[in-house]
Amino acid sequence: MNIWGLALNFFGWKVDITAPRRDKCIICVAPHTSNWDFILGLAAYRSLGRKANFLMKEFWFFFPLKYLLKYFGGIPVPSRNKKSNLTEEIVKKFESSDYINLAVTPEGTRSWVEKWRTGFLYISYGAKVPIQLGVIDYKNKDIIIRDEFIPSGDIDADMQYVKEYYANFPDAAKYPDKFSV
């Protein structure tokens, strides 16, 4: 067990990641109601010797923080006012890279939202990579990634599948009142 696993174990967390190890995949993580989700997810993945990538606003990639963020798998995202299509850029990144395990939070925020973001489904479908479904369950202190699926390309049906999966974890969020499927 490495330092990541020891730290999680010390604080009473269990890691249940049985989804296959992939060179390329998207890790969909919900519920997302706390900044601790990032730290716990990172620690769980690293405890297995895996590296996850994540998207973060380009603003945060300044010296010297950018080196730490990139070391931990950070991928800078340009501000919205720049003329670019993030989904297409990420699909190209998957195509040109040997390894990307991109962690995303479909809610897109730590606050309660009614509509989840669909970009991860478009990326998965365009890059032809599976989506692994992850849960950080604060109630039971479990970090889970057991299930995976390949999106059909029908974004509405695929999102319904994802939401139905996470509906099985209504009390998992650190702040359950901020989580909605």
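The legends below go with several close-up views of this predicted model.

Residues are numbered from 1 along each chain as its sequence is written, and side-chain values use heavy atoms, with hydrogens and water left out. Because the model is predicted, local features need pLDDT of at least 70 and side-chain atom pairs count only at pLDDT 80 or more, while totals for chains, interfaces and linings use all residues.

**View 1. Helix α6, residues 155-166, from end to end.**
Start here with a helix of 12 residues. Helices (H or I, at least four residues) and strands (E, at least two) are DSSP runs, numbered from the N terminus. From its first C-alpha to its last, α6 reaches 17 Å, close to the 16 Å expected at 1.5 Å a residue; the expected span is 1.5 Å times one less than the number of residues.

**View 2. The buried residues of α6.**
Look for Ile155, Asp158, Met159, Val162, Lys163, Tyr165 and Tyr166, which are buried. Buried means under 20% relative accessible area, exposed over 50%, and partly exposed in between (1.4 Å probe, protein chains only). These buried residues lie on the same side of α6 because they cover an arc of only 155° around the axis, where the arc is that of the directions from the helix axis to the C-beta atoms. Their cover includes β2 (24-29), α5 (119-127), β6 (131-137) and β7 (142-149), with contact taken as heavy atoms within 4.5 Å. Also in α6 is glutamine 160, which counts as partly exposed at 43% relative accessibility.

**View 3. The largest pocket, with a volume of about 1,700 Å³.**
Of the 49 residues that line this pocket, Leu55, Met56, Val104, Thr105 and Gly108 are the closest to its centre. Two or more lining residues come from each of β2, α2 (36-47), β3 (53-57), α4 (86-96), β5 (100-104), α5, β6 and β7. The largest share, seven residues, belongs to α2. By class, the lining has 29 nonpolar, 13 polar and seven charged residues.
Some terms help here. On a 1 Å grid over the protein atoms alone, a cavity is a set of points where a 1.4 Å probe fits but cannot get out, and a pocket is an open set with protein on both sides within 12 Å along at least five of seven lines; lining residues have an atom within 4 Å of a point. Grid points are joined across faces, edges and corners, and a volume is the space filled by probe spheres set on the points. Ala, Val, Leu, Ile, Met, Phe, Trp, Tyr, Cys and Pro count as nonpolar, Asp, Glu, Lys and Arg as charged, and the others, Gly among them, as polar.

**View 4. The second largest pocket, with about 190 Å³ of space.**
Around this pocket you will find Trp4, Ala7, Leu8, Phe11, Trp13, Trp36, Ile39, Leu40, Leu42, Ala43 and Lys141. The elements that give two or more residues to this lining are α1 (3-10) and α2, and α2 gives the most, with five residues. The lining divides into 10 nonpolar, no polar and one charged residue.

**View 5. Two cis peptide bonds, each leading into a proline.**
Most residues other than glycine have a negative phi, and most peptide bonds are trans. Alanine 30 and proline 31 are joined by a cis bond, with omega about -5°; proline 31 sits in the loop between β2 and α2. The bond from phenylalanine 63 to proline 64 is also cis, with omega near -5°. You can find proline 64 in the loop between β3 and α3 (65-71).

**View 6. Lysine 128 and lysine 141, two residues with a positive phi.**
Lysine 128, in the loop between α5 and β6, has phi near 60°. Lysine 128 is exposed, with a relative accessible area of 72%. In the loop between β6 and β7 lies lysine 141, whose phi is about 55°. Lysine 141 is partly exposed at 33%, and lines the second largest pocket.

**View 7. Serine 97, in the loop between α4 and β5.**
Serine 97 is buried, with a relative accessible area of 16%. Its C-alpha atom is separated by 8.6 Å from that of lysine 24, although the two residues are 73 residues apart along the chain.
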